[in-house]
Amino acid sequence: MERLFDSLDASTGDRPRHKALGLTRRQLGILAGMAGAAGVGLACTQAQIEDLLEQIRNRPMRRNIATMDPDDPVIASYAAAVEAMQALPNTDARSWTRQAEIHNDFCRHHNWLFLPWHRAYLYYFEQICREMSGDDDFALPYWNWTVDRQVPAVFWDESSPLFHDNRTATPTSQASDAQVGQATVDNALATGNFILFAGEAVGLNHPPHFGPGMAPLESGPHNYIHNFVGGTMASFMSPLDPVFWLHHCRVDQLWVQWNLVEENPNTNDSDWTDTEFSEFSDRDGDPVTVRVAETTLYPLLSYRYDTQEVV
Ligand code: C2O
């Protein structure tokens with residue numbers, strides 16, 4: 001494998017190999033590192049690798065919901081998935097209530113696990129949405145509350161599964177510029193220090209829910225939007241409101257912005273990278289274990305944001 005990836009990384013003529021493959025140098029380096037670490041490379045044929053690279057290049061795009069028409073297929077798939085999950089019995093780990101209970105029982109807040117825990121939560125939820133909607137290219141949309149200050153209109157259609165009936169916000173309520181505006185977001189992203197960006201350090205496998213301190217992204221716009229939408233969104237069962245997932249996609253997109261677009265490094269402290277979460281389920285409803293280090297690869301290999309053209 002190392003030999004294969006060495007050859008992938010070599011230039012072909014005047015064209016660097018990663019460009020010929022349509023990948024960034026970073027993606028190719030990560031793939032080479034993963035293949036080396038997993039020791040699986042020798043079993044892969046060139047064709048299988050080309051196939052994998054093709055999937056990575058075409059990975060689903062998480063788009064800004066403000067760019068979508070109400071009849072956009074992404075919104076239809078999301079509504080279909082929510083409806084199907086709401087119809088599942090609670091013996092199924094993919095049911096709407098069971099998914100929210102994962103948050104109620106296991107969410108990580110007020111420490112540096114906030115970002116990777118919620119990223120993994122979204123990642124498996126998105127996989128379940130693909131399964132339940134039958135739309136294998138489905139990617140969650142995000143709500144950019146920095147620009148669009150109202151809860152997106154599709155969440156107010158009372159005949160839609162995306163409606164939730166106890167919000168304190170109304171269709172015309174406006175989130176505050178001071179709380180979610182560009183200056184506040186810029187400020188949260190201004191540091192190059194992972195702990196100042198992501199939250200205070202905690203030890204390996206620090207349990208739910210809390211820790212010693214939040215970073216401004218969590219304490220500021222993140223908390224504010226939960227309370228602005230209000231009702232269930234202001235509680236630990238907030239994922240029962242379908243807008244929760246678009247709110248957290250925005251938080252995740254800002255981590256991508258900080259880490260991948262602006263190239264600030266995540267910590268390599270093993271108390272962070274080696275922490276594991278075992279409360280999530282895959283699209284078949286089977287339990288999975290996620291290592292924090294893996295979550296740093298999701299937006300390079302499994303999904304991308306429409307703000308992430310260069311990586
Ligand atoms: Cu664990 Cu925004 O919540």
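**Note on a predicted model: contacts, core, spaces and loops**

1. Pro171 touches Gln150 and Trp156, leaving aside residues up to four places away in sequence. This is a predicted model, and Pro171 is a convenient place to enter it. The residue sits in the loop between α7 (114-133) and α8 (177-180). Pro171 and Ala153 are 18 residues apart in sequence, and their C-alpha atoms are 7.0 Å apart in space.

2. Is Pro171 buried, exposed or partly exposed? Its relative accessibility is 44%. Buried means under 20% and exposed means over 50%, so a value in between counts as partly exposed. Pro171 is therefore partly exposed.

3. For the chain as a whole, the secondary structure comes to 15 helices and 4 strands. The chain has 311 residues, and 53% of them count as buried. Its accessible surface is about 13300 Å², with 49% of that belonging to carbon and sulfur atoms. Taking contacts between residues at least 6 apart in sequence, 71% join residues at least 24 apart.

4. The largest nonpolar core holds 76 residues. Those that touch the most other members are Tyr78, Trp143, Val151, Phe155, Trp245 and Phe280. Two or more residues of this core come from each of α5 (73-87), α6 (96-106), α7, α9 (182-189), α10 (194-198), α11, α12 (243-261) and α15 (298-301). The largest share is that of α7, with 12 residues. As background, nonpolar side chains tend to be buried together in soluble globular proteins.

5. Trp143, one of the core residues just named, has a long list of partners. Which residues does Trp143 touch, not counting residues up to four places away in sequence? Earlier in the numbering there is Ile65, and then come Asp148, Arg149, Gln150, Val151 and Pro152. Further along are Ile225, Phe228, Val229, Val243, Leu246 and Arg250. Gln150 thus appears among the contacts of Trp143 and also among those of Pro171.

6. A search of the whole structure finds 1 cavity of 30 Å³ or more. The volume of the largest cavity is about 50 Å³. Its lining consists of Phe114, Leu115, His118, Arg119, Leu122, His248, Val251, Asp252 and Trp255. Which helix gives the most to this lining? That is α7, with 5 residues; α7 and α12 each supply at least two. By type, the lining divides into 5 nonpolar, 2 polar and 2 charged residues.

7. The second largest pocket is a separate item to look at. Its space is about 220 Å³, and 15 residues line it. Nearest its centre lie His109, His222, Asn223, His226 and Phe236. Helix α11 (residues 216-229) provides the largest share of the lining, 5 residues. The lining has 9 polar residues, 5 nonpolar and 1 charged.

8. Two residues deserve a look for their backbone angles. His110 has a phi near 60°, which is positive although the residue is not glycine. It is found in the loop between α6 and α7. His110 counts as partly exposed because its relative accessibility is 24%. Glu263 also has a positive phi, about 60°, and is not a glycine. Its place is the loop between α12 and α13 (270-273). Glu263 is exposed because its relative accessible area is 55%.

9. The loop between α12 and α13 also holds Asn268. Is Asn268 buried or exposed? With a relative accessible area of 70%, Asn268 is exposed, since the cut-off for that class is over 50%. Asn268 and Phe194 are 74 residues apart in sequence but 9.8 Å apart in space, C-alpha to C-alpha.

10. One peptide bond should be checked in the display. Where is the cis peptide bond? It joins Pro208 and His209, with omega at about -10°. His209 belongs to the loop between α10 and α11.

Notes: Residues are numbered from 1 along each chain as its sequence is written. This is a predicted model: local features need pLDDT of at least 70, side-chain atom pairs count only at pLDDT 80 or more; totals for chains, interfaces and linings use all residues. Side-chain values use heavy atoms; hydrogens and water are left out. On a 1 Å grid over the protein atoms alone, a cavity is a set of points where a 1.4 Å probe fits but cannot get out, and a pocket is an open set with protein on both sides within 12 Å along at least five of seven lines; lining residues have an atom within 4 Å of a point. Grid points are joined across faces, edges and corners, and a volume is the space filled by probe spheres set on the points. Ala, Val, Leu, Ile, Met, Phe, Trp, Tyr, Cys and Pro count as nonpolar, Asp, Glu, Lys and Arg as charged, and the others, Gly among them, as polar. Buried means under 20% relative accessible area, exposed over 50%, partly exposed in between (1.4 Å probe, protein chains only). Contact means heavy atoms within 4.5 Å. A nonpolar core is a set of buried Ala, Val, Leu, Ile, Met, Phe, Trp, Tyr and Cys residues joined through side-chain atoms within 4.5 Å. Accessible areas come from the Shrake-Rupley method with a 1.4 Å probe; for residues, only the protein chains shown count as cover.
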